[in-house]
Amino acid sequence: MLKELQESILSLKKERNAVILAHSYQSPEIQEIADFTGDSFALSVKAKDIDADTVLLCGVRFMADTVKILNPDKTVLLPNPAASCPMAHQIDPQRVKDYKTAHPDCCIVAYVNTSTRLKAQCDVCVTSSSAPKIVSRIPNEHILFIPDCNLGSWVQKLLPDKHLTLWDGHCPVHNQVTAEDCARMKALYPDAKLAVHPECPPEVVEQADLVGSTAEILQYASSREDDIIVGTEKTIADWLGLQFPTRRFPVLSKKLICHDMRMTTLSDVYHALEGSGGEEIVMEESLRLAAKRPIDAMIELNT
Ligand code: SF4
């Protein structure tokens, strides 16, 4: 049944000259039919040079929006319209606009996990992997970092010469892990390394052997031979377990499950490609151009 559905999707994909992009947090059966998988930054870069009529994004809304911002002439589909990162909507864009008016010399840095309307008010986007490098290259004395204060704190710690003003946003999934989770898991797995995402709170980040994006955690785990306590979405621990069956990849906390990232099903993908479901991303051209500016700046500053 699963294989049949995957084959039907692949045949529809060919008919529509479509490309499927999937975030690394998507289920294995979706990753199997994707043309490209990766974290937010890898997907943003990939979105720049896609040769297809239709792009179907398996992830959350801001990722599909990013594909549309970079590919206005393509049909961009989000298979499950309800899949949306809660952090992307934690700030009213008007508040950022007002902040900019009050602080005209400030550079506003937005984590890519933000809505299109919010991006349109910002100067530069960053991802978790590119944030330290990009912020280090910003000349402004005053930098406002939105919305994730955990990611912002980590960047500030790495770049003590920079002065970051942080917002009070956070990822509701990663923000739940605690120093007690670290202590409990280190006691259970005393020889394991701890690898965490910078969306985790500072008291967790400071105990980690590696702090990095999803791609960096995967790379770190793949380059070693020991057990790794995984401090990011559980899908990554599951995927590592399948790739390296003789090693252990316990997840740091049972709470590390993003329901939005898990919302998209193979059936959603099928119906979106068939035209009986999903949502085509549309946006006003003026908004698209305003939101493209910080994404272009991110790609340029990261080269
Ligand atoms: S894991 Fe956190 S940042 Fe990522 S999509 Fe889910 S809520 Fe958003």
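A helix here is a DSSP run of at least four residues, and helices are numbered from the N terminus. With that in hand, let us walk through this predicted model, beginning with its pockets.

Two helices help to line the second largest pocket: H4 and helix H6 (116-119) each supply at least two residues of its lining. H4 gives the largest share, with 3 residues. If you would like to find the middle of this pocket on screen, look for Arg61, Asp65, Ser115, Thr116 and Met283, which are the closest to its centre among the 15 residues that line it. The space inside comes to about 200 Å³. By class, the lining has 7 nonpolar, 4 polar and 4 charged residues. Where does this pocket lie with respect to domain 1 and domain 2? Domain 1 (2-83 + 262-283) and domain 2 (87-172 + 290-301) both contribute to the lining, so the second largest pocket lies between them.

Now turn to the largest pocket, whose volume is about 340 Å³. Its lining is made up of 30 residues, and those closest to the centre are Tyr25, Asn113, Cys171, Glu199 and Cys258. Sorted by class, the lining of the largest pocket has 14 nonpolar, 10 polar and 6 charged residues.

This is also the place to look for the ligand, which sits in the largest pocket. Around the ligand you will find Cys85, Pro86, Met87, Asn113, Cys171, Pro172, His174, Glu199, Cys258 and Met261. Asn113, Cys171, Glu199 and Cys258 belong to this shell and are also listed with the residues closest to the centre of the largest pocket. The shell around the ligand divides into 7 nonpolar residues, 2 polar ones and 1 charged one.

From the open pockets we can move to enclosed space. How many cavities of 30 Å³ or more does a search of the whole structure find? The search finds 1, and about 50 Å³ of space lies in the largest cavity. Its lining consists of Ser40, Leu43, Ser44, Phe62, Met63, Thr66, Val67 and Val112. Helix H3 (40-48) and helix H4 (61-70) are the elements that give two or more residues to this lining, and H4 gives the most, with 4 residues. So H4 deserves a second look: the helix contributes to the lining of the largest cavity and also to that of the second largest pocket, a link that the DSSP numbering of helices makes easy to follow. The cavity lining divides into 5 nonpolar and 3 polar residues, with no charged residue.

Next comes a sheet. Three strands form an open sheet in the order E10-E9-E11, with parallel pairing. Strand E10 (210-211) and strand E11 (228-231) stand at the edges with a single partner strand each, so one side of each has no neighbour in the sheet. Strand E9 (residues 193-196) is joined to E11 by 4 bridges, and the two run parallel. To line the pair up by eye, place Ala195 opposite Val230 in E11.

Finally, two details of the backbone are worth a visit. Most residues other than glycine have a negative phi, and most peptide bonds are trans. Ile146 and Pro147 are joined by a cis peptide bond, with omega at about -15 degrees. Pro147 is placed in the loop between strand E7 (143-146) and helix H8 (149-158). Asn17, though not a glycine, has a positive phi of about 50 degrees; this residue is in the loop between helix H1 (2-15) and strand E1 (18-23).

Note on methods:
Residues numbered from 1 in each chain as written. Predicted model: local features only at pLDDT ≥ 70, side-chain atom pairs only at ≥ 80, totals over all residues. Heavy atoms only, no water. Near = heavy atom within 4 Å. 1 Å grid on protein atoms, 1.4 Å probe; cavity = no way out; pocket = protein on both sides within 12 Å on 5 of 7 lines; lining within 4 Å. Sits in = over half its atoms within 2 Å of the grid points. Nonpolar A, V, L, I, M, F, W, Y, C, P; charged D, E, K, R; others polar. Points joined across faces, edges and corners; volume = space filled by probe spheres on them. Pairing = 2+ DSSP bridges. Domains from an automatic or database assignment.
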